[in-house]
Amino acid sequence: MTAALVHIELTADGAPTDAAAELLGAATVLGEPVAVITVAPGSDTAALVAALGRAGAARVVVAEAAEVGSVIATPQVSALAAAIDREQPSVVLLAHSVDGRDVAGRLAVRVGGALAWDAVGVTRDGDRVVAAHSVFGGAYATTSTIEGGLPIVTVRPGAIDARAAAVEAPAVERLTVEVSGAAATIESSTPVRPSGRPELRTAKVVVAGGRGLGSPEKFALVEQLADALGGAVGASRAAVDAGYIDHAAQVGQTGTTVAPDLYIALGISGAIQHKAGMQTAKTIVAINTDASAPIFEVADFGVVGDVFTVVPQLLDALQSRRSA
């Protein structure tokens with residue numbers, strides 16, 4: 001069985017991101033799941049390798065690069081290029097995140113590969129890798145294949161349900177990579193303050209608010225429901241432009257694309273740009289006073305009503321269920 005390389009992004013504390021399990025699950029239908037991580041020389045990777053084994057990595061390639069943390073993307077590209085040279089894989093999978101997209105584009109140029117962008121599913125048809133896509137704001141489902149060149153596929157976080165079987169002790173292979181010709185270096189960085197909520201892009205539950213909330217103070221209702229459900233907070237562009245919440249929470253064509261199990265839209269009209277970023281969610285619930293709002297066109301469940309009447313009742317019901 002040929003290798004299916006999986007680029008593993010790491011959090012600030014050195015753990016795999018939530019997308020790792022999804023990518024390794026997707027890799028199982030394409031070949032042997034082989035995780036590739038890029039770390040600083042001398043890093044203790046025992047816990048990281050064990051975590052990747054639990055997520056289904058059959059093998060883990062540990063690439064050491066002195067420039068990790070100081071150079072943007074280039075160390076990861078060099079690590080993947082070296083792993084490709086050694087493993088001769090049939091495909092490379094990466095998360096369709098900000099960093100994943102950057103690495104994927106550079107890697108395609110470096111190794112003469114070809115990109116399949118923002119896939120919501122991957123399968124194999126004989127020797128060909130087939131990527132499924134949701135396009136034109138989710139209005140159409142389509143597939144793509146690559147003719148010539150190594151397939152390099154970015155996968156939308158939250159889109160893959162399959163999970164690989166856990167591996168108790170994955171084999172570890174080590175590489176040392178040299179980085180040259182870096183396009184950009186990191187001069188300073190500000191750690192993201194932990195919110196206690198899941199990351200928006202990979203959250204299983206997202207509660208999003210729109211301009212219908214009326215003010216930054218009233219937008220707190222969105223946060224209350226998200227916390228009650230253990231979910232992430234999202235927003236429409238209109239809410240962000242109105243200053244209700246930071247741009248990092250924006251869901252849509254010019255924000256973050258999400259594919260959670262549950263998406264709750266509060267006071268969001270549902271412009272096409274917003275729907276493009278959330279309508280691949282498995283279940284969509286919309287609450288809006290306007291019965292003709294476009295958001296109801298994609299909602300599985302719709303409530304025509306005032307969010308300030310409906311949501312407090314929902315919060316009470318959730319609290320009562322927990323207390324029962």
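Reader: How many bridges join E2 to strand E3?

Author: This is a predicted model. In it, strand E3 covers residues 59-64 and runs parallel to E2. One facing pair is Thr38 and Ala63, the latter in E3. The number of bridges joining E2 to E3 is six.

Reader: Through which helix does the chain cross from E2 to E3?

Author: The connection is a β-α-β crossover, and its hand is right-handed. The helix on the path spans residues 46-54. That helix is H2.

Reader: In E2, which residue is the bridge partner of Ala3?

Author: Strand E1 (residues 3-7) runs parallel to E2, and five bridges join them. E1 and E2 also belong to a right-handed β-α-β unit with helix H1 (residues 19-27). Within E2, Ala3 has as its bridge partner Glu32.

Reader: Is strand E2 mostly covered or uncovered, and how many of its residues are buried?

Author: Strand E2 takes in residues 32-39, eight residues in total. Buried here means under 20% relative accessible area. By that cut-off the strand is mostly covered, the buried count being seven of eight.

Reader: Why do E12 and E15 each have one side without a neighbour in the sheet?

Author: The open sheet has five strands with parallel pairing, in the order E12-E11-E13-E14-E15. E12 (232-235) and E15 (301-304) stand at its edges. One side of each is left without a neighbour because each has a single partner strand.

Reader: What is the average twist from one strand to the next in this sheet?

Author: The sheet is open and its strands follow the order E12-E11-E13-E14-E15. From each strand to the next, the twist averages 15 degrees.

Reader: Which residue in E13 stands opposite Val206?

Author: Strand E11 (residues 205-209) pairs with strand E13 (residues 262-266) in the parallel sense, over five bridges. Opposite Val206, in E13, stands Tyr263.

Reader: What angle does the direction of helix H8 make with that of E14?

Author: Helix H8 (residues 307-323) packs on the sheet and touches E13, E14 (283-288) and E15. Helix H5 (residues 220-229) lies across E11, E12 and E13, running at about 170 degrees to E11. For H8 and E14, the angle is about 130 degrees.

Reader: What area is buried between domain 1 and domain 2?

Author: The chain is divided into domain 1 (3-176) and domain 2 (200-323), and their centres, taken over C-alpha atoms, are separated by 31 Å. The contact takes 17 residues from domain 1 and ten residues from domain 2. Carbon and sulfur atoms give 48% of the buried area. That area is about 1000 Å².

Key
Residues are numbered from 1 along each chain as its sequence is written. This is a predicted model: local features need pLDDT of at least 70, side-chain atom pairs count only at pLDDT 80 or more; totals for chains, interfaces and linings use all residues. Side-chain values use heavy atoms; hydrogens and water are left out. Two strands pair if DSSP finds at least two bridges between them. Helices (H or I, at least four residues) and strands (E, at least two) are DSSP runs, numbered from the N terminus. Axes are lines fitted to C-alpha atoms, for helices over the stretch in contact, and angles run from 0 to 180 degrees between N-to-C directions. Contact means heavy atoms within 4.5 Å. Buried means under 20% relative accessible area, exposed over 50%, partly exposed in between (1.4 Å probe, protein chains only). A crossover is right-handed if, with the strands pointing away from the viewer, the path from the first strand over the helix to the second runs clockwise. Domain bounds come from an automatic or database domain assignment. Buried area is the accessible area (1.4 Å probe) that two parts lose on being put together, summed over both.
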